[in-house]
Amino acid sequence: MKKELIDPFNRKIEYVRVSVTDKCNYRCGYCMPEQGVHPEGMHTEYLSYDELARIIQAFVNLGVSKIRLTGGEPLVRKNLAGFVKQINAFEGLEDIALSTNAHHLAREAQALKEAGLNRVNISIDSLKAERFNKITRGGDLVKVLVGVDKALEVGLNPVKFNMVVMRGTNDDEIEAMVDYGLEKGVEVRFIETMPIGPAGISMMDQHYAADKILARIKKHVGSDLIPSTGRTHDGPSRNYTIAGTQTRIGVISAVSQHFCESCNRVRLTARGVLALCLGQEDAVDLRTPLRQGISDAELQQMIVQAIAKKPERHFFNENVHNIEFRQMVQLGG
Ligand code: SAM
Ligand code: SF4
């Protein structure tokens, strides 16, 4: 019988977000401090691809079927396609996904697809080049849009867009993003700013609630938004199909409406820490025991014990200070 990882609240953990680096070529204000994170970080602090693969294999043996590679920016780490190929060989791993800012995607998409990558989420917070550059502190919208087209051309499926909506910064582009999604046949997911790390917390005065986003979209498309039913792969995302089209939109409302009861995931940081909840401190260091030579069976046991400590929910609204020291760029979004 296929194994299952079940947490104390009867949630099936079938999805691991794996950060391959906490470095990034962009500096989005809600995610990264301007100077980046840990510029002094030693190379050996990061798990090698072999170490990451060993942990992923342990999760797959325990019943996890989906891995999302994230960061920082995963495409700044060399030979990501080689790593995708390595883990794609694991029997039982059904789905490999990527979250990226797409700056390097045009260059990498073909190799990633051939290596076994299935799907990609691309962050785009503005379709205005100058504004995009400002939000990302240096990003190049043209490169990103070429990356989008390349991802679609090589057949990564689905491609999704993620837009963090910020009041007074880009909220006037909600409708334009819907139109861009419709033009490309791509689902757009609108994300509420989350108070994670000093960067996220500093942006909470620009928080824009998901229900307002939905109302704007409904008015713009002039037709109903039909709530999706059944499995969506998305866990926290509330999804809708725009009536009369095949295009879906989603909202991720971590703050105005928490989604913890459907949480099906844990996060592995690039330094080998297993973070059990985006909004709580609960975490287990896997790097130290891994480098001390634990067996595969012991590694699996550690993971099972860690999942038993997964908190019921985050407390974004109640105790923001708890998560002040953590940075989204390290947790992988
Ligand atoms: N660099 C890649 C990217 O931007 O897609 C992957 C890593 S990034 C940390 C993953 C996701 O987290 C992105 O969609 C980003 O917009 C989102 N994110 C980062 N900080 C956030 C915050 N404070 N609130 C909401 N979403 C955030
Ligand atoms: Fe980099 Fe992604 Fe964070 Fe932006 S959201 S700074 S692209 S890791």
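This is a chat about a predicted model and its two numbered ligands, its core and a few of its residues.

Reader: Before I start, what should I know about how this was put together?

Author: It's a predicted model, where local features need pLDDT of at least 70 and side-chain atom pairs count only at pLDDT 80 or more, while totals for chains, interfaces and linings use all residues. Residues are numbered from 1 along each chain as its sequence is written, chains are lettered from A and ligands numbered from 1 in the order in which they are written, and side-chain values use heavy atoms, with hydrogens and water left out.

Reader: OK, ligand 1 then. Which residues come nearest to it?

Author: Tyr30, Gly72, Ser123, Met194 and Met328 come nearest, out of 20 residues around ligand 1. A residue is near a molecule if one of its heavy atoms lies within 4 Å of it.

Reader: What lies 3.0 Å from a nitrogen atom of ligand 1?

Author: A backbone N or O atom of Tyr30 does, and a backbone N or O atom of Gly72 also lies 3.0 Å from a nitrogen atom of the ligand. Glu73 has a polar side-chain atom 3.1 Å from a nitrogen atom of ligand 1. The protein covers 95% of the 540 Å² of accessible area that this ligand has on its own (areas come from the Shrake-Rupley method with a 1.4 Å probe; for residues, only the protein chains shown count as cover).

Reader: And which strands each supply at least two residues of that shell?

Author: β3 (95-100), β5 (159-165) and β6 (187-192) do. Helices (H or I, at least four residues) and strands (E, at least two) are DSSP runs, numbered from the N terminus.

Reader: How does the shell around ligand 1 split by class?

Author: There are 6 nonpolar, 12 polar and 2 charged residues. In this count Ala, Val, Leu, Ile, Met, Phe, Trp, Tyr, Cys and Pro are nonpolar, Asp, Glu, Lys and Arg are charged, and the others, Gly among them, are polar.

Reader: What about ligand 2, who comes nearest there?

Author: Cys24, Cys28, Cys31, Met32 and Asn101 come nearest, of 9 residues around ligand 2. That shell divides into 6 nonpolar, 2 polar and 1 charged.

Reader: Switching topic: how many residues are in the largest nonpolar core?

Author: The largest nonpolar core has 97 residues, and Leu69, Phe83, Leu105, Ile122, Ile124, Phe161 and Phe190 have the most contacts inside it. Helix α1 (residues 49-61) gives the most to this core, with 8 residues. A nonpolar core is a set of buried Ala, Val, Leu, Ile, Met, Phe, Trp, Tyr and Cys residues joined through side-chain atoms within 4.5 Å, and buried means under 20% relative accessible area, exposed over 50%, partly exposed in between (1.4 Å probe, protein chains only). In soluble globular proteins, nonpolar side chains tend to be buried together.

Reader: Is Met177 buried or exposed?

Author: Met177 is buried, with a relative accessible area of 0%, and lies in helix α6 (residues 174-184). Not counting residues up to four places away in sequence, Met177 touches Ile124, Leu127, Phe161, Met163, Val188 and Phe190, where contact means heavy atoms within 4.5 Å. Met177 and Ser126 are 51 residues apart in sequence, yet 7.9 Å apart in space from C-alpha to C-alpha.

Reader: Where's Ser99, and what joins its side chain to Arg68?

Author: Ser99 is in strand β3, and a polar contact of 3.3 Å joins the side chains of Ser99 and Arg68. A polar contact is a pair of N or O atoms within 3.5 Å; within protein, one must be able to donate a hydrogen and the other to accept it, and residues adjacent in sequence count only if both atoms are side-chain atoms. Ser99 counts as buried at 12% relative accessibility. Asp95 has its place in strand β3 too, is buried at 7% relative accessibility, and has a polar contact of 3.0 Å between its side chain and that of Arg119.

Reader: Which peptide bond is cis?

Author: The one from Asn157 to Pro158 is cis, with omega near 0 degrees. Pro158 sits in the loop between α5 (141-154) and β5.

Reader: And what is the phi of Asn10?

Author: Near 65 degrees, a positive value in a residue other than glycine. Most residues other than glycine have a negative phi, and most peptide bonds are trans. Asn10 is in the segment before β1 (15-19) and is exposed, with a relative accessible area of 65%.
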